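Q: Could we go through the features of this model one by one, with the general idea set out before each case?

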Amino acid sequence: MSAARGGTTSVPGEDLLAALLDGMDAALCAFDALGTVTHWNKEAERILGWSAGEAVGRRGFDGWAARPADAAEALGRLMAAMDAPGRLVHEIALVRKDGGRVLVRTQSAGVRGADGKPAGVYCAFSEVHTQIDLERSIALSEALFEEASWGVVLVDVDLRPAVVNGYAARAMRAGRTSLLGRPLGEVVEQGLEELESALEHVLAEGAPKAPAEVWVTLRTADGTRRRCWRSGFVRLASPLAEEPVPLGVGWLFQDVTEERLAEQEADRLRFRYSQLHRAGVVAAECEDPREAATVLLDFALAGFADHALVDVAAGERRLVRMATTPAGEPGPVVPVAGGGIPLRYPSGHPVFQALSRTGPVRASATAAAGSQAAEDWATERLWPCDARHALCLPLRSRGRTVGAVTFLRSASRTPFERPDAIFAEAVAVRVAASLDLAAALAGGKGGGAPSR
């Protein structure tokens, strides 16, 4: 053993080669040009049960590692690699030391000596089922990242995407490579804390037992988009380390936004029309039709709007406030004390537009307007100063317009949409009938302006 630099000793070539062979995960053996076994590592011993001492020096597999009928063919297949370019792959039936048979997949390649002539063959082999399991895992990974019908993202321990499949890239409105290594906060505007909290939990504690639904708002070139992702997580650990070392998190998700929005809309409709049914039952017990009208509006306001204003017709384009909710905060609809003075709505007011169209009219303060400008917008229209969105409808009964109703929402709510207008029309029909009945009982002629 010769001395090496720094006072250390070198490892003899044969010892180093033996250590390398025995430390490998693959089963390895080698043959000389005559087919005699020259090397046999620990993994080969584990698979077949034959030790290196029992294997080295034997010619081929006859009489020990293969049945007599198979031994010659098995050796011939392996030794064919000595004269062939590249590697040859074969499946060979071998025999364990305990007598059991095992099908192995071999990869063999020729070895040349110093003179360049064929000197033997080395062969790596593994049990076929183990190889098939590995190939399945690789095929599954490739399929997930190419053809999967759900999003797959591998997130590293710094919570940055390391691999992104096509579905996930389309869901995030970005390119697959442009997402790599970037913080998720560059793509996710809202919902980021919940998403990162889930990823950190998986890294620390492992995967949750059930999928979770995460609502996020994405930054895109066309603005923001709110989406719901049904997500599952798995912790990734290195199979090569003695103890599990986290490599990151596998995040799988599907975009279920449309389904959840449809469910929310269905729940909203069920609640609203349940309220309308309850309102009708309570209103039927009111002796005063005007009280019945306010009851109908009280039930309709729940979850729908913050304020309601009821104006009754008092002649051509003249309206008088009959009932309203408190201006300071949400509350029940109550009759206006006194009254009789026509409202001074400015020309082009949404209420007048609704009367002219005999249909609903929606209006909202400009989104970019400041707080004071939005308050001025509401005040100019004779609405509470916290109003930001309005829905005005005519009150029609017996072919006449008997007044108008206005629903108002504050800045914390979304603008009124078409489904809201449809529900409001159902409410307005009932309120109009009650007000028309009140006018008839009071001895009027219907209490309304002629229909246009």
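Q: Which side chains meet in the salt bridge of Arg-227, and at what N to O distance?

A: The model is a predicted one, and every value here should be read with that in mind. The general idea is to look for a side-chain nitrogen of Lys or Arg within 4 Å of a carboxyl oxygen of Asp or Glu. In this structure Arg-227 and Glu-258 meet in such a salt bridge, with 3.7 Å from N to O. The pair links distant parts of the chain, since Arg-227 belongs to strand β10 (residues 223-237) while Glu-258 belongs to helix α8 (residues 257-283), 31 residues apart. Arg-227 counts as buried, because its relative accessibility is 12% and the cut-off for that class is under 20%.

Q: Where do Arg-260 and Glu-263 lie, and how many residues apart are they?

A: Here one reads the spacing along a single element: Arg-260 and Glu-263 both lie in helix α8, 3 residues apart, which is about one turn of the helix. Their side chains meet in a salt bridge at 3.1 Å, N to O. Arg-260 counts as buried at 18% relative accessibility, whereas Glu-263 is partly exposed, with a relative accessible area of 42%. Salt bridges that share partners also join these two residues with Glu-213 and Arg-230, so that Glu-213, Arg-230, Arg-260 and Glu-263 make one network.

Q: With which residue does Glu-186 form a salt bridge, and how many salt bridges does the count come to?

A: The partner of Glu-186 is Arg-182, and the closest N and O atoms of the pair are 2.7 Å apart. Both ends of this bridge fall in the intermediate class of accessibility: Glu-186 is partly exposed at 42%, and Arg-182 is partly exposed at 26%. For the model as a whole, the count comes to 22 salt bridges.

Q: What should one look for in the cysteines, and how many disulfides are there?

A: The test is the distance between two cysteine sulfur atoms, which must be within 2.5 Å for a disulfide. By this rule the count comes to 0 disulfides. Cys-385 illustrates the point, because the nearest cysteine sulfur, that of Cys-392, is 17 Å away, against a cut-off of 2.5 Å. Cys-385 is partly exposed, with 43% relative accessibility, whereas Cys-228 is buried, with a relative accessible area of 0%.

Q: Which residues have the most contacts inside the largest nonpolar core?

A: As a general expectation, nonpolar side chains in soluble globular proteins tend to be buried together. In this structure the largest nonpolar core has 37 residues, and those with the most contacts inside it are Leu-395 and Phe-407. The elements that contribute two or more residues to this core are α8, α9 (289-301), β12 (307-313), β13 (319-324), β16 (389-397), β17 (400-409) and α12 (418-441). The largest share, 9 residues, comes from α12. Apart from this core lies another, of 28 residues, which includes Cys-29, Val-37, Ile-92 and Leu-94.

Q: Which residues form a nonpolar patch on the surface, and is Gln-275 buried or exposed?

A: A patch is read from exposed area and from neighbours taken together. Leu-269, Tyr-273 and Ile-422 form a nonpolar patch on the surface, with about 240 Å² of accessible area together. Tyr-273 is found in helix α8 and counts as partly exposed at 35% relative accessibility. Gln-275 also lies in helix α8, yet this residue is buried, with a relative accessible area of 7%. Leaving aside residues up to four places away in sequence, Gln-275 touches Phe-299 and Ala-302.

Q: What is the phi of Leu-382, and where is the place of Arg-398?

A: The general background is that most residues other than glycine have a negative phi. Against it, Leu-382 has a phi near 65°, a positive value in a residue other than glycine. Leu-382 sits in the loop between α11 (371-380) and β16, and counts as partly exposed at 35% relative accessibility. Arg-398 likewise has a positive phi, of about 50°, although it is not a glycine. The place of Arg-398 is in the loop between β16 and β17, and at 55% relative accessibility this residue counts as exposed.

Methods
Residues numbered from 1 in each chain as written. Predicted model: local features only at pLDDT ≥ 70, side-chain atom pairs only at ≥ 80, totals over all residues. Heavy atoms only, no water. Buried < 20%, exposed > 50% of the residue type's maximum accessible area, 1.4 Å probe, protein only. Helix = DSSP H or I, 4+ residues; strand = E, 2+ residues; numbered from the N terminus. Patch = residues over 30% accessible without salt bridge, like charges linked within 9 Å, V, L, I, M, F, W, Y side chains within 5 Å. Areas by Shrake-Rupley, 256 points an atom, 1.4 Å probe, with all protein chains shown as cover. Contact = heavy atoms within 4.5 Å. Core = buried A, V, L, I, M, F, W, Y, C linked by side-chain atoms within 4.5 Å.
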